[in-house]
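Here's a quick tour of a protein model, written for someone just getting used to reading structures. Have a look at the picture first, then work through the notes below.

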Amino acid sequence: MNRKIAPPIKDAIEYKLALKPYEYFTLDNGMPVYTIHAGAQEVIQIEMVFYAGNHFEKQKGIAALTNFMLKNGTSKRNAFQLNEAFDYYGAYCNRSCYNETAVLSLHTLTKHLHHLLPVMEEMLTDSIFPQSELEIYQQNAQQRLTLNLQKAEFVAGRLIDSYLYGEQHPYGVYTNPEDIDALTTEACKTFYKDYYLNGKCVLFVSGNLPADLRIQLNNHFGKLGSNNQKIIVPIIETLPAIEKKYRIENDLNAVQGAIRIASPFPNRHHPDFKKVAVLNNLFGGFFGSRLMSNIREDKGYTYGIYSYIHNHIQQSAWVISTEAGKEVCEATIEEIYKEMKTLREKKVEEDELLLVRNYMIGGLLGDLDGPFQIMARWKNIVLNNLDEAYFYDSINEIKTISAEALMELANKYLHPENFYELVVY
Amino acid sequence: MIQFKSFTLQNGLRVLIHEDKSTPMAVVNVLYDVGARDEDPAKTGFAHLFEHLMFGGSKNIPVYDEPLQVAGGENNAFTTNDLTNYYCQLPAENIETALWLESDRMLSLAFSKKSLEVQRKVVCEEFKEHYINKPYGDVWHKLRALIYTTHPYKWMTIGASLQHIEEATIEDVKGFFNKHYTPSNAILVIAGNVETEKTIQLVEKWFGTIPSGEKYNRQLPQEPPQLAPRHLEIKSNVPVDALYKCWHIYARTDNRYYAADLITDILGGGGSSRLFQALVKEKQLFSSIDCYHFGSTDAGLLTIEGKLAKGVNIKEGEKALNIELNKLQQEGISAAELEKVKNKTESAMAFEDMSVMNRAASIAMYELLGDANLMNTELSRYHAVTVEEIIEQSRIIFTENNCSTMYYLSNNQ
């Protein structure tokens, strides 16, 4: 046995990856349901995706507040009793609000499902948005905001989004203290009526599904007003900032700076998107990337540095993000640009490219392990108006894209002058 | 029921194999029985720094990450006060790559000076990012020093000071490796789409020839019982006042651990928990409040931490909190409330066990506690806890003399 010689491997790119197909049906009211039945554990996840994100709000913060308050009171149960109804069975009912969509989700042992669906139905038909709950929310939201504004990472995150998309855009908007003060239960009730009671909802259900799932879902959600209307996500123009470079002093005692370098990038429907996913990995997408190898593993400027594409539906951005020692922030930025230049001017070696391909395929194989993960892929495909060809084409790009094509893409996109550059100290 | 086969190699390495044919992946998890508690008080943060150095090349392999990535794998590691755990996941056909990599770094590190230099800097940036450049970042630094007078839990995993990390030498690195990174101080778990018999052969091949080294004999000074309340008041540049109260609880293998664990859920587990309902929702004295413990191997801590609502005096918040603790001690809990937190535990375990990576880590951790099969009996231990035990433990734990309190006050108000 010679320890210097690596054991033989099967190249991950030789794997045939398959995305387990979903089952599809609709409820009596036309609500679409996607299901994946898989997994050894007796657990289930239900995600109710409403078209009720901040694209639809007329006042800042109303979409998020309405989504949050779904669990804060119906005419039959107060917030405590709603929480108790889920907690008693060890279940989790979460709310999350995004740009186009807002989600109400349930995670539970499958055996308890029938106790919990009626509670969700109640939240979706009979929420009352008590004034007292709003006041507590406002007070605590103000405190959270004050606390977050002391964190350079938080400030950097919201500023870079506002440069990329403009503050008037749902992707670039951020909350100020006065926006929290201005929230009202009246506005919530209106939003609830328009986008939940009479909104549009898509259901994603995965895990170990009970045999009568369809009947249970129909009983509780088949009469919801959802899907009565055609809701169309408004297209809102982005308004990117003119000025490209920013240095912001947030905390006089800071020992690190939060660096964000970002450029607008098209959405998943653009032919370059799947190809750039490979280039991004090579550049800064994983631990073995160029940025990480140089800036962390060689220079020790940071604990971690990554690049990624924003997960937005309409318009995206390519972002490089790191926290670096205050005295090495400028040196870090210089190295980021150097790595862009190398990608533009020098073809990646086949060894390194094979590593990236294998790493990405191996990662995908691991990511598809388990019903929730499989459904997450499908959800992404459905909500972005794509089909399964997107999944297989992406894999094909990972396996076959050439070094020349990657260099061309670097020459198309990776120019420092296209990027906003921000450091928050 | 999690099935596995366990055996010990001649050099003392404990090995556990768990088959799961439903996944295309395999996980290799190597746990070393060394954590921050085993450090020299003058060289803290070393176990964690060492974790970084384990990726800086081994005797026969210049870099760890690349061959693993080529094999479609990914990996990470973490260090706690008790242990250091390394794990990688890769397509099951390529499992030998992971065994080759893990066995070589168990055999010997490369002890590269460059790696030490760079990782010292990286860890210093990690220290700054998480513990200095964040409001309340130094809370546990201060709390540990207040609560523990004797036990090495008195410093954080990241280390007591940046200086200790900056001063680490290559000799320190070698000494630490020889003392702790031996087969007899390690547990190897292999999980996923593997054949047990074939895997045993591979393990013998790659790990069997590593010299056993000396078994590290842990003799830590134990924390004496706390006999009087402790207080600390800090003023700092944070936006709101925060209250921290910590009580000593039990070791992880103590029978009373389960009641203490359930008490944290009764008080602080989610939207229907007692403290959230009484203090955030009804009295509105706190904007957030949590109750938790770290599940540490040696006698641990039960902590309640809360951020005060605007304009509320911290003493008023503390008083109201004490009333809630008192209520638990005096009035106890209903059978339904106990059932609720047991259900929560059952559900949390089921979700955790979904991933083969989590299962591998759990097997290793329970084996470290004495027997991997504890993983399968754990739920019944929780189910056995009675209402009476909850009351009894709440009376024993929540006493003034057992408590350390920190006021972390805003100097902006």
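In chain B, five strands line up as an open sheet in the order β7-β11-β8-β10-β9, and their pairing is mixed. Keep in mind as you go that this is a predicted model. We'll stay with this sheet for a bit, then move on to chain A, the helices, the domains and the place where the chains meet.

**The sheet in chain B**

- Look at the edges of the sheet: β7 (230-236) and β9 (286-293) of chain B each have a single partner strand, so one side of each is left without a neighbour in the sheet.
- Going from one strand to the next, the twist averages 10 degrees.
- A bit of background: strands of a sheet pair through backbone hydrogen bonds, and they can do that either parallel or antiparallel.
- The parallel kind shows up where β7(B) pairs with β11(B), over seven bridges.
- In that part of the sheet, B:Lys235 stands opposite B:Leu409, which sits in β11(B).
- The antiparallel kind shows up where β8 (residues 242-248) of chain B is joined to β11 (residues 403-410) of chain B by six bridges.
- If you want a residue pair to find here, try B:Tyr244, whose bridge partner in β11(B) is B:Met406.
- A helix lies over part of this sheet too: α10 (residues 274-282) of chain B lies across β9 and β10 (301-308) of chain B, running at about 160 degrees to β9(B).

**The sheet in chain A**

- Chain A has an open sheet of five strands as well, in the order β7-β11-β8-β10-β9, with mixed pairing.
- Its edge strands are β7 (245-248) and β9 of chain A, and each of them pairs on one side only.
- The twist from one strand to the next averages 10 degrees.
- How many bridges hold β9(A) and β10(A) together? There are six, and the two strands pair in the antiparallel sense.
- One spot to check is A:Ile309, which stands opposite A:Trp318 in β10(A).
- Helix α10(A) packs on the sheet and touches β9 and β10 of chain A, with its direction making about 160 degrees with that of β9(A).
- Helix α5 (residues 152-165) of chain A lies across β7, β8 (256-265), β10 and β11 (420-424) of chain A, and runs at about 20 degrees to β8(A).

**Helices packing on helices in chain B**

- When two helices pack, people describe them by the angle between their axes and the distance between the axes.
- Start with α3 (residues 95-107) and α8 (residues 196-207) of chain B: their axes come within 9 Å and cross at roughly 30 degrees.
- The way α3(B) passes α8(B) is a right-handed crossing.
- On the α3(B) side, the residues that meet α8(B) are B:Glu96, B:Leu99, B:Trp100, B:Ser103 and B:Met106. Facing them in α8(B) are B:Leu202, B:Val203, B:Trp206 and B:Phe207.
- Sorted by class, this contact of α3(B) with α8(B) has seven nonpolar residues, one polar and one charged.
- Now compare α1 (residues 46-53) and α7 (residues 170-180) of chain B, which pack at an angle of about 90 degrees with their axes 11 Å apart. That angle makes α1(B) roughly perpendicular to α7(B).
- Here B:Phe46, B:Phe50 and B:Leu53 in α1(B) meet B:Asp172, B:Val173 and B:Phe176 in α7(B).
- The contact of α1(B) with α7(B) has five nonpolar residues, no polar ones and one charged.

**Two domains in chain B**

- Chain B is split into domain 1 (5-207) and domain 2 (230-410).
- The C-alpha centres of these two domains of chain B are 29 Å apart.
- Where they touch, domain 1 of chain B puts in 30 residues and domain 2 of chain B puts in 25.
- Which element gives the largest share of the domain 1 side in chain B? That's α5(B), with five residues.
- By class, the domain 1 side in chain B has 16 nonpolar, nine polar and five charged residues.

**Where the two chains meet**

- The contact between the chains takes 61 residues from chain A and 60 residues from chain B.
- Several elements of chain A each supply at least two residues to its side, including α2 (79-87), β5 (102-109) and α4 (131-148).
- The largest share of the chain A side, nine residues, comes from α12(A).
- By class, the chain A side has 27 nonpolar, 22 polar and 12 charged residues.

Notes
Residues numbered from 1 in each chain as written. Chains lettered and ligands numbered in written order. Predicted model: local features only at pLDDT ≥ 70, side-chain atom pairs only at ≥ 80, totals over all residues. Axes fitted to C-alpha atoms, helices over the stretch in contact; angles between N-to-C directions. Helix = DSSP H or I, 4+ residues; strand = E, 2+ residues; numbered from the N terminus. Left-handed = near helix turned anticlockwise from the far one by under 90°. Contact = placed C-beta atoms within 7 Å. Nonpolar A, V, L, I, M, F, W, Y, C, P; charged D, E, K, R; others polar. Domains from an automatic or database assignment. Parallel < 35°, antiparallel > 145°, perpendicular 65-115°, else oblique. Pairing = 2+ DSSP bridges.
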